[in-house]
Amino acid sequence: MKGDHHIILRVVAKCLIPLILIYAFYVQFHGEVGAGGAFQAGVVLAVALILHSLVFGLTATMRAVPPWFTRGLSAVGVLVYAGVGVWAMLNGGAYLEYQALFFEPPGGHDGQHAGIIIIELGVLFAVSGGLSTIFYALAGRVAEIRDEDW
Amino acid sequence: MWEFILDRAGYWAIIGLMMIGLFIAFSAENLIKRLVGLSLFMTTICLFYVTLGKITGGTAPILLKADMTSHYGSHAAEGAEAHLAAAGSERFADLVHTYSNPLPHVLMLTAIVVGVATLSVGLALIVRIREAYGTIEADDIRAMDIEAAIAQEAQAEKDLNEAAA
Amino acid sequence: MTDAVLGGTGTALINILLLAILFVVAIAIARLRSLFAIVMLSGVYSLVSAAWYILVDAVDVGFTEAAVGAGMSTAVLLGAMLLTARTAKPEKPFSRLGPFIVCLAVGVMLIYATIDLPALGDPSSPANAGVGLTFLEVNWYDTGVPNVVTSVLASYRGFDTLGETAVVFTAGLAVALLLGFGERSLAETLRRSPQPETRPPSVPRDGDAT
């Protein structure tokens, strides 16, 4: 490979990207008990993708995570979120009323926990997919700028 | 007097930062610089909101152990009616610790993420403007637009004269 | 009340330092012409304001600002800058006078308005004694989630968050419709080079002997 000049960069990025992904999921699933949540986790996931494309090239990233996947992910996220509301309505509650998910009295927490975890998954999908789509759209365009403008 | 000023000095500094952002957005002719100014303005407005929710001696709004012991796990055994009756008194907990106001945090958290999404829509429009006009300076684009309009009008007038002749 | 943000000498020093850095960075952005420097400084501004968020107890917002402002929005701005221009034109000296006067007037009016605001950190101010305090009190009974910000975000204000999620999705769609989904460049790169290459098309790298 001719990327010998960037061997350190590549190795460090190869070590860092899995850690960033694990951290994103930690932030996602510990959002209920500590700082963090789905919005942050989605952004961190998108940033891991950007780091991969900066070091290994946009083509390699697009092979690993194709653009149709990111834009589909973002649509699925919104659908998951809206679907929880419909689920609550089918059980006789109001839209997005988590108490109705498992027919609980006020003070019951199971429906709240389940509802929050599922809609946070929806937000994670929507934010990471949407921001990755934005990045692909901007980075995938061929630059037509002159070099002497630098 | 001094206490009054010190109480509000934080607000004044943040308003000053806000105005610098607004000034960049107003005065820059370069469209990317203008968008950077707008995002500065937005960040500083979020700062202002969150600073309003600060409470003296408070901590981050994540409940500490002392505030989550009241009844967790006990409701499964009891009946629903007893719970509804108890809810009035039981629902409002007496907080042991002081927490900052969580509402501005929620509003600004979503505003920041939506801010970056709308910022990228603006940047995409700028990229298209660059491809259509070859420049991203607002005054150049305005001059080109006026030139094109004048040329179009002259052309229309010429066509009209030719048709009349 | 004075101790709200100016609590203790150490905290006061940190506050003054952070605000000073923010001012310096903002003024530098207003004066610079190199777009690369402007974009990088806007990332610095976001990072420093994330530190300020942590100081005023907004850990979630600080985290978001650090990830979004310093990570994502810098990357997006750099991507757009690569496609447009590197430097801004020098501004005419008198064209900035009008905006300056307008901003000065607005700033003076806003500062005049702060005289009626409650002091910084006042626990009994209308903003802090109202619905925010109620959320804190009923949160544990209603949802059983320790992080009040998450429970308000996902449960009490679920409609709001649904709308925000839809906005992010719509923004992604709008950018993709304006600029293309990015697959065309992938196809073009593959057509131009028979063997798979790892060089990003829009990020030039020095010393790469291609």
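**Exercise 1.** In this predicted model, locate the kink in α1(B) and determine what end-to-end span its 26 residues should have.

*Solution.* Step 1: α1(B) has a kink of about 45°, and the centre of that kink is B:Arg8. Step 2: the expected span of a helix is 1.5 Å times one less than its number of residues. Step 3: for the 26 residues of α1(B) the expected span is therefore 38 Å, and the end C-alpha atoms lie 36 Å apart, which agrees.

**Exercise 2.** Describe the extent of the contact between chain B and chain C, and state which residues of chain B lose the most area.

*Solution.* Step 1: chain B contributes 89 residues to the contact and chain C contributes 91 residues. Step 2: the two chains bury about 8,500 Å² between them, with 75% of it on carbon and sulfur atoms. Step 3: within chain B, the greatest losses of area to chain C fall on B:Lys33, B:Lys54 and B:Arg91, which together account for 8% of what that side buries.

**Exercise 3.** Determine how many salt bridges cross the interface of chain B and chain C, and characterise the pairs B:Asp139 with C:Lys89 and B:Lys54 with C:Asp57.

*Solution.* Step 1: the whole structure holds seven salt bridges over all chains, and three are found across the interface of chain B and chain C. Step 2: B:Asp139 pairs with C:Lys89, their closest N and O atoms being 3.5 Å apart. Step 3: B:Lys54 and C:Asp57 form a salt bridge with an N to O distance of 3.1 Å. This pair links the loop between α2 and α3 of chain B to the loop between α2 (35–55) and α3 (59–83) of chain C. Step 4: both distances satisfy the criterion of within 4 Å.

**Exercise 4.** Establish the polar contacts, contributing elements and residue classes of the interface.

*Solution.* Step 1: 23 residue pairs are in polar contact between chain B and chain C. Step 2: the elements giving two or more residues to the chain B side include α1 (2–27) and α5 (138–164). Step 3: α4(B) supplies the largest share, 23 residues. Step 4: by class, that side has 55 nonpolar, 20 polar and 14 charged residues.

Conventions
Residues are numbered from 1 along each chain as its sequence is written. Chains are lettered from A and ligands numbered from 1 in the order in which they are written. This is a predicted model: local features need pLDDT of at least 70, side-chain atom pairs count only at pLDDT 80 or more; totals for chains, interfaces and linings use all residues. Side-chain values use heavy atoms; hydrogens and water are left out. Contact means heavy atoms within 4.5 Å. Buried area is the accessible area (1.4 Å probe) that two parts lose on being put together, summed over both. A salt bridge is a side-chain nitrogen of Lys or Arg within 4 Å of a carboxyl oxygen of Asp or Glu. A polar contact is a pair of N or O atoms within 3.5 Å; within protein, one must be able to donate a hydrogen and the other to accept it, and residues adjacent in sequence count only if both atoms are side-chain atoms. Helices (H or I, at least four residues) and strands (E, at least two) are DSSP runs, numbered from the N terminus. Ala, Val, Leu, Ile, Met, Phe, Trp, Tyr, Cys and Pro count as nonpolar, Asp, Glu, Lys and Arg as charged, and the others, Gly among them, as polar. The bend at a residue is the angle between axes fitted to the seven residues ending there and the seven starting there.
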